Amino acid sequence: MIRMLTNNNIQNIGTREDRGKAIAEKAGQIIRINDNSYKVKSQSSDTLYDVISTKIGWKCSCPDHTTRGVQCKHIFAVVFSFAIRKEVEKVRIEPIVSVSSCVYCHSTNVIKYGVRHNKYGDVQLFHCNECSRHYTLNLGFEKMKASPKTITVAMQLYFSGESLRNVANSLKLLGVKVSHVAVYNWIQKYTELMKQYVDKLKPNVGSTWRADEVFVKFSGNMKYLFALMDDETKYWIAQEVADTKFKHDARNLLHEGKEIAGKRPNTLITDGLPAYHDAFNKEFYTNSCPQSKHINAIKLDGDMNNNTMERANGEVRDREKVMRGLKVKDTPILPGYQIFHNFMRPHQSLKGKTPAEACGIEVIGENKWITLIQNASQSKVVN
């Protein structure tokens, strides 16, 4: 007897993974509630199954998962859907290496014309075949005596933990003689440039954020650094410096975080500082679903700890020891370290990725500092 296969029978052929992929690729089959909760439509009826992320993995309300304990096609569908969404939202920041036109006559008939050597490094020369003029094109590093490589190596050394004077001494070993003041000026110039650019990016952060504060010294005076971080990707979203801890209004911190991320979190985890409670009610609380939840009863251990923020605070304290205290409240050092943390420093907990990469923002190139500076400089010119 020959058994005829209907369309429904055909859909059920293959592994659970194959069927899950088919569900993910079909529009309208998956309803996303948030990053941890989905509803997946049954292939044989109008039933909606709940697929929820837990600490031990994904759970589904379908009979296949509840009775057999296997990863069902609905879980596979959500996993595939999540991966597809991440890929679609990925941003690639590429190095700018092409020479489009002459800086004098704007002709595109230009060629590379050797390298100029100076005590700070090599600079590429270009020649225009139309106006017969030579020029250098050093996007982001115009009129800088030091080479882009020298400047970015200095920034990498400094934010990795070296003092300004140690950075200057290290550059001397490479044949580059600069003062520690020059190194600081580089950091100030390019931190301000990059911050204007990266603040416009929309990191695909998770739905749980953490906030905490750490004391820092500014010219011997005690102040507090308030920081906001995504729990899933470790992306440092926003920061601000306050003169006091208990009387500070943290609303600006949460508002800036919401503007940068383009959304509010489902859960905010903080300590019991009243400043967070008041700011949460003003910035994140809403009557619409899903409602944001504020957890402000964290402990030193257990599920509701704030270890993620404590590790970040430890990084800042270690950096402050080398700096021997910050000098001014609007110092470029703290936003510079935030950029280093998000875009340059791989994290073991993220399997070697940077927080930006975990958020779908990939900086391409062997020297990510140069890539960011080039794109920031170009963005400033366009705007």
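Which residue does the side chain of Glu-94 meet in a salt bridge? The partner is Arg-92, at 3.1 Å from N to O. The model is predicted. Glu-94 is partly exposed, because its relative accessibility of 35% lies between the limits of 20% and 50%. Arg-92 is also partly exposed, at 49%.

The count of salt bridges comes to 13. Another of them joins the side chains of Lys-39 and Asp-50, at 2.5 Å from N to O. Lys-39 belongs to strand 2 (residues 37–41) and Asp-50 to strand 3, so this pair ties together parts that are 11 residues apart in sequence. Lys-39 is partly exposed, with 29% relative accessibility. Asp-50 is partly exposed as well, with a relative accessible area of 31%. Glu-357 and Lys-368 form a further salt bridge, at 3.2 Å from N to O. Here the link runs between distant parts of the chain, from helix 12 to helix 13 (residues 368–382). Glu-357 is partly exposed, at 23% relative accessible area. Salt bridges with shared partners also join Arg-16, Asp-64 and Arg-68 into one network.

Strand 3, which holds Asp-50, takes part in a hairpin. Strand 3 (residues 48–54) pairs with strand 4 (residues 57–60) in the antiparallel sense, over four bridges. Two residues lie between the two strands of this hairpin. Within the pairing, Ile-52 of strand 3 stands opposite Lys-59 of strand 4.

Elsewhere, five strands form an open sheet. Their order is 11-10-9-12-13, and the pairing is mixed. Strand 11 (236–242) and strand 13 (293–295) stand at the edges. Each has a single partner strand, so one side of each is left without a neighbour in the sheet. Neighbouring strands are turned by 20° against each other on average, direction ignored. Strand 12 (residues 267–269) and strand 13 run parallel and are joined by three bridges. In one of these places, Leu-268 has His-294 of strand 13 as its bridge partner.

Two helices lie across strands of this sheet. Helix 8 (residues 251–261) lies across strand 9 (208–218), strand 10 (221–230), strand 11 and strand 12. Its direction is at about 155° to strand 11. Helix 11 lies across strand 9, strand 10 and strand 11, at about 160° to strand 11.

Helix 11 (residues 333–344) is mostly covered, with 12 of its 12 residues buried. Among them are Ile-339, His-341, Phe-343 and Met-344. His-347 follows in the loop between helix 11 and helix 12 (355–358). This histidine counts as buried because its relative accessibility, 8%, is under 20%. Beyond its neighbours within four places in sequence, His-347 is in contact with His-341, Gly-352, Lys-353 and Pro-355.

What about the interior? In soluble globular proteins, nonpolar side chains tend to be buried together. The largest nonpolar core has 67 residues. Phe-343 and Leu-372 have the most contacts inside this core. Helix 7 (residues 180–198) gives the most to the core, with eight residues. Leu-372 touches Ile-339, Phe-343 and Met-344, as well as residues including Ile-93, Met-194, Tyr-197, Val-198 and Val-363, leaving aside residues up to four places away in sequence. Another core, of 11 residues, lies apart from the largest one. Its members include Ile-23, Val-40, Tyr-49 and Cys-72.

Technical notes:
Residues are numbered from 1 along each chain as its sequence is written. This is a predicted model: local features need pLDDT of at least 70, side-chain atom pairs count only at pLDDT 80 or more; totals for chains, interfaces and linings use all residues. Side-chain values use heavy atoms; hydrogens and water are left out. Buried means under 20% relative accessible area, exposed over 50%, partly exposed in between (1.4 Å probe, protein chains only). Two strands pair if DSSP finds at least two bridges between them. Axes are lines fitted to C-alpha atoms, for helices over the stretch in contact, and angles run from 0 to 180 degrees between N-to-C directions. Contact means heavy atoms within 4.5 Å. A nonpolar core is a set of buried Ala, Val, Leu, Ile, Met, Phe, Trp, Tyr and Cys residues joined through side-chain atoms within 4.5 Å. A salt bridge is a side-chain nitrogen of Lys or Arg within 4 Å of a carboxyl oxygen of Asp or Glu.
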